[in-house]
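Hi everyone, thanks for making time this morning. I'd like to walk you through one structure, starting in the middle and working outwards. Please have a look at it first.

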Amino acid sequence: MSQDCHVVSERSPANSPGLTLALILAMLSSAFLTSTPQASAQAPVRPTSDQQVALVTGSTSGLGREVALRLGTMGWHVIVHGRNQERGMQVVDEINSQGPGNARFYAADLASFAQVREFGESLLREYERMDVLVNNAGFGSAPNERLVSEDGHEFRFQVNYLSTFLLTHMLMPRLRSSVPSRIVNVSSLAQSPIDFEDVMIENNFSGGRAYGQSKLAQIMFTFDLAEELEGADIMVNSLHPATYMPTGMVLRAGARPRATIDEGADAVMQLVVSEEIEGGQFFRGLVPARANAQAYDMQARAKLKALSQELTGIR
Ligand SMILES: NC(=O)c1ccc[n+]([C@@H]2O[C@H](COP(=O)([O-])OP(=O)(O)OC[C@H]3O[C@@H](n4cnc5c(N)ncnc54)[C@H](OP(=O)(O)O)[C@@H]3O)[C@@H](O)[C@H]2O)c1
């Protein structure tokens, strides 16, 4: 079910007329050469030295896709991420063909710490800068079924929160060397307090509770990180983008859409580019808002941080 983390930065040669010709020529020439030349792979798209770089996790669909496209139209280099390669490559193709920005796609399943680590290591190897990290990937409340990640943890807690914690810490050296940089954690108004006696929700499970717990954990992480990074010129914020946008997770849950994806993307983009805002906050759309009380409970935050460090191996 899970696939290895890998980067896909070019279309299959058969999909491009120019490359098809190159492939035919290479095949023809191979008939005449003792060593067989391969059709040369297209060079991966790279940012220029003065181009800003953003990673948008979960940008193969929905809100993340719209944010990635907007960054592309603003000239950014966008790292598109998700599990679905076909949808990921469609976003990359759209950004690369529209310009002025450009993009690459990386596949990594956030339900696997091994894939998150491989993804983070690839990015550290291949990118010298990272101006913005949008932690947007998420798995919704449906199905109302307790699922378990590859690492044996409650699924939403790992996909929506623990992997965000791990990836963000792994990318911190690039965010630090690219200051002023920003981290945007896409959370939700759906927030359920964490029961530290049963974080993996083995009792009284519901998909809504699991989703809400993971989304509150993201906000608690945001507040902690903003404090830890004070003075570092890395702005960290979280937000509820908009209520019931017509995206995959909302449609799967059978909810009737109430907002547009554009409204949610406007709210994310404000946290990416606005000079009018400060870090360490939770926003409801475009305005600062109060999160669930547990987000302001320092003991609860310390417990969550210690647990997250233990489960991800991050110190
Ligand atoms: N829609 C709303 O009204 C709403 C409201 C509040 C907050 N949000 C938040 O907005 C964010 C974006 O969600 P969306 O509404 O745009 O939903 P969506 O269309 O379902 O998009 C979810 C994205 O996350 C990726 N993803 C899911 N599971 C993953 C996994 N295990 N590993 C890697 N990537 C994974 C998906 O990629 P693949 O399909 O390629 O795996 C997809 O790109 C989420 O964090 C969500 O909680 C949404």
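Let's begin with one pair of residues: Val134 stands opposite Val184 in strand S6. Before going on, a word on what we are looking at: this is a predicted model, where local features need pLDDT of at least 70, side-chain atom pairs count only at pLDDT 80 or more, and totals for chains, interfaces and linings use all residues. Residues are numbered from 1 along each chain as its sequence is written.

Some vocabulary, too. Helices (H or I, at least four residues) and strands (E, at least two) are DSSP runs, numbered from the N terminus. Two strands pair if DSSP finds at least two bridges between them.

Now, back to the strands. S5 covers residues 132-135, and S6 covers residues 181-186. These two pair in the parallel sense over four bridges. Leu133 has Ile183 as its bridge partner in S6. On S2, residues 53-56, we find another parallel pairing with S5, over three bridges. There, Leu55 stands opposite Leu133.

What about S6 and S7, residues 234-240: how many bridges join them? Six, and the two strands run parallel. Arg182 stands opposite Met235 in S7.

How are these strands connected? S5, helix H5 (residues 155-177) and S6 make a right-handed β-α-β unit. S6, helix H6 (residues 207-228) and S7 make a right-handed one as well. Right-handed here means that, with the strands pointing away from the viewer, the path from the first strand over the helix to the second runs clockwise.

Next, are the faces of S5 and S6 covered or not? I call a residue buried if 20 or more other C-beta atoms, placed from the backbone, lie within 10 Å of its own. In a regular strand the side chains alternate between the two faces of the sheet. For S5, Val132 and Val134 on one side and Leu133 and Asn135 on the other are all buried. For S6, six of its six residues are buried: Ser181, Ile183 and Asn185 on one face, with Arg182, Val184 and Val186 on the other.

Let me stop at Thr57, in the loop between S2 and H2. Why does Thr57 count as buried? Because it has 26 C-beta neighbours inside 10 Å. Leaving out residues up to four places away in sequence, Thr57 touches Gly64, His81, Val134, Asn135, Asn136 and Ala137, where a contact means C-beta atoms, placed from the backbone, within 7 Å. Thr57 and Val80 are 23 residues apart in sequence, yet 6.6 Å apart in space, C-alpha to C-alpha.

And the ligand? It is surrounded by 31 residues, the closest being Gly58, Gly62, Gly82, Gly138 and Gly248; a residue is near if its C-beta atom, placed from the backbone, lies within 6 Å. Helix H2 (62-73) and helix H7 (248-252) are the elements that give two or more residues to this shell.

Finally, the whole chain: nine helices and nine strands, with buried residues making up 45% of its 315 residues. Thanks for listening!

Key
Buried ≥ 20, exposed ≤ 12 C-beta atoms within 10 Å, placed from the backbone. Contact = placed C-beta atoms within 7 Å.
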